[in-house]
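Work through the exercises below with the sequence and the structure side by side. Try each task before reading its solution.

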Amino acid sequence: MIDETKADNMSDLIEGRNAVQEAIRSGKTIDKLFIQEGIQDNTVASILSRLKGTDTLITRVRKQKLDQMSETGKHQGIIARCASYKYSDIEDIFALAEKKGEAPFIFILDEIEDPHNLGAIIRTANLSGAHGVIISKHRAAGLTSVVAKASAGAINYTPVVKVTNISKTIDELKDRGLWFACADMKGETMYKANLTGPIGLVIGNEGHGVSRLVKEKCDYVVSIPMKGDIDSLNASVAAGVLAYEIVRQRLEKES
């Protein structure tokens with residue numbers, strides 16, 4: 001699992017009750033809220049009320065955890081992690097595809113935890129002509145400054161959407177005409193799969209890959225041919241290889 005104390009740049013953390021309240025009032029997107037176990041008072045209740053109905057992931061943690069995360073030592077039992085960049089809506093992805101006159105091409109990331117991997121995948125998505133990236137709310141990296149840096153600026157041009165349920169989102173996108181290819185070492189070689197047309201490329205967690213429920217929703221399970229002595233690629237590298245097979249097939253179909 002991702003280490004909350006090390007994964008992201010501390011500049012994305014807001015500490016203390018008043019600071020967190022002010023961040024919410026100012027319209028900042030709060031990715032995650034960490035509250036010390038056992039604390040429940042009017043201020044905390046007010047903060048939770050303001051975040052009700054948002055995508056903020058709220059977690060109760062021990063004081064020692066907050067002490068480790070804290071940069072100021074004055075967290076007052078509450079720390080918020082803010083998104084450095086605003087999230088987009090799924091409609092923004094379809095609008096970009098329509099603007100370019102292209103069939104939608106979307107990356108769907110199933111619990112990518114490493115912010116460097118997320119940034120690298122956003123960069124690959126942009127360079128390969130994908131119209132957007134969808135990430136999960138739970139157990140996944142968000143749009144922090146580390147992600148922005150790793151994307152080498154691509155985060156400014158590529159819509160990133162955060163959803164609560166990847167499986168449900170795939171169902172909704174299927175209703176809009178997309179087909180889905182899931183990356184898995186046991187899948188059919190990518191060269192044999194038809195990856196043209198409206199497509200979603202599903203990349204799984206760095207450790208356990210794509211979850212079973214998400215994999216079952218996909219139309220194709222595709223693999224990258226391996227010729228070396230180890231059996232897997234880094235998630236962001238695998239995403240790049242598969243993305244450019246999609247690019248190759250699209251270009252071949254156009255010619």
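A residue is called buried when its relative accessible area is under 20%, exposed when this area is over 50%, and partly exposed in between. The model used in these exercises is a predicted one.

**Exercise 1. Find where Glu 111 and Gln 76 lie, and decide for each of them whether it is buried, partly exposed or exposed.**

Solution. Begin with Glu 111, which is found in the loop between β5 and α5. Its relative accessible area is 13%, and because this value is under the 20% cut-off, Glu 111 counts as buried. Next take Gln 76, which sits in the loop between α3 (63-69) and β4 (78-82). Here the relative accessibility is 47%, so Gln 76 counts as partly exposed.

Now turn to the backbone of these two residues. Most residues other than glycine have a negative phi. Gln 76, however, has a positive phi, near 55°, and Glu 111, which is not a glycine either, has a positive phi of about 65°.

**Exercise 2. Describe the surroundings of Ala 181, starting from the element in which it lies.**

Solution. The first step is to place Ala 181 in strand β8. The second step is to look at its accessibility: the relative accessible area is 1%, and Ala 181 is therefore buried. The third step is to list its contacts beyond the neighbours within four places in sequence, which are Leu 195, Ile 199, Gly 200, Leu 201, Val 202, Tyr 220 and Val 222. As a last step, compare sequence with space: Lys 217 is 36 residues away from Ala 181 along the chain, and the C-alpha atoms of the two are separated by 9.5 Å.

**Exercise 3. Which residues touch the most other members of the largest nonpolar core, and which elements give two or more residues to this core?**

Solution. The largest nonpolar core holds 36 residues, and those that touch the most other members are Phe 107, Leu 109 and Ile 203. The elements that give two or more residues to this core are the strands β5 (105-110), β6 (132-136), β8 (179-189) and β9 (199-204), together with the helices α5 (115-127), α6 (145-150) and α9 (235-254). The largest share, 6 residues, comes from α9.

To see the packing around one member, follow Phe 107, leaving aside its neighbours within four places in sequence. Its contacts include Ile 121, Thr 124 and Ala 125, as well as Val 133, Ile 134, Leu 201, Ala 239 and Ala 243. Apart from the largest core lies another one, of 18 residues, with Ile 106, Val 161, Phe 180 and Cys 218 among them.

**Exercise 4. Compare the linings of the largest pocket and the second largest pocket by the class of their residues.**

Solution. Start with the largest pocket, which has about 470 Å³ of space. It is lined by 23 residues, of which Ala 183, Asp 184, Met 185, Gly 209 and Ser 232 are the closest to its centre. The largest share of this lining, 4 residues, comes from β8. By class, the lining of the largest pocket has 11 nonpolar, 8 polar and 4 charged residues.

Continue with the second largest pocket, which has about 270 Å³ of space. Among the residues that line it are Glu 102, Phe 105, Ser 128, Val 247 and Arg 250, and the largest share of the lining, 5 residues, comes from α9. By class, this lining has 4 nonpolar, 3 polar and 4 charged residues.

**Exercise 5. How many cavities of 30 Å³ or more are found, and what lines the largest cavity?**

Solution. A search of the whole structure finds 2 such cavities, and the largest cavity has a volume of about 60 Å³. Its lining includes Asp 31, Lys 32, Tyr 87, Ser 136, Lys 137 and Lys 162. The elements that give two or more residues to this lining are β2 (30-36) and β6. Sorted by class, the lining has 5 nonpolar, 2 polar and 4 charged residues.

**Exercise 6. Where in the protein chain is the predictor's confidence lowest and highest among the elements?**

Solution. For the chain as a whole, the mean pLDDT is 90, and 95% of the residues reach 70 or more. Among the elements, α6 has the lowest mean pLDDT, 88, while β5 has the highest, 98. Finally, consider residues 1-10, over which the pLDDT is below 50; in the model this stretch has 23 contacts beyond near neighbours in sequence.

Terms used. Residues numbered from 1 in each chain as written. Predicted model: local features only at pLDDT ≥ 70, side-chain atom pairs only at ≥ 80, totals over all residues. Heavy atoms only, no water. Core = buried A, V, L, I, M, F, W, Y, C linked by side-chain atoms within 4.5 Å. Buried < 20%, exposed > 50% of the residue type's maximum accessible area, 1.4 Å probe, protein only. Contact = heavy atoms within 4.5 Å. pLDDT = per-residue confidence, 0-100. 1 Å grid on protein atoms, 1.4 Å probe; cavity = no way out; pocket = protein on both sides within 12 Å on 5 of 7 lines; lining within 4 Å. Points joined across faces, edges and corners; volume = space filled by probe spheres on them. Nonpolar A, V, L, I, M, F, W, Y, C, P; charged D, E, K, R; others polar.
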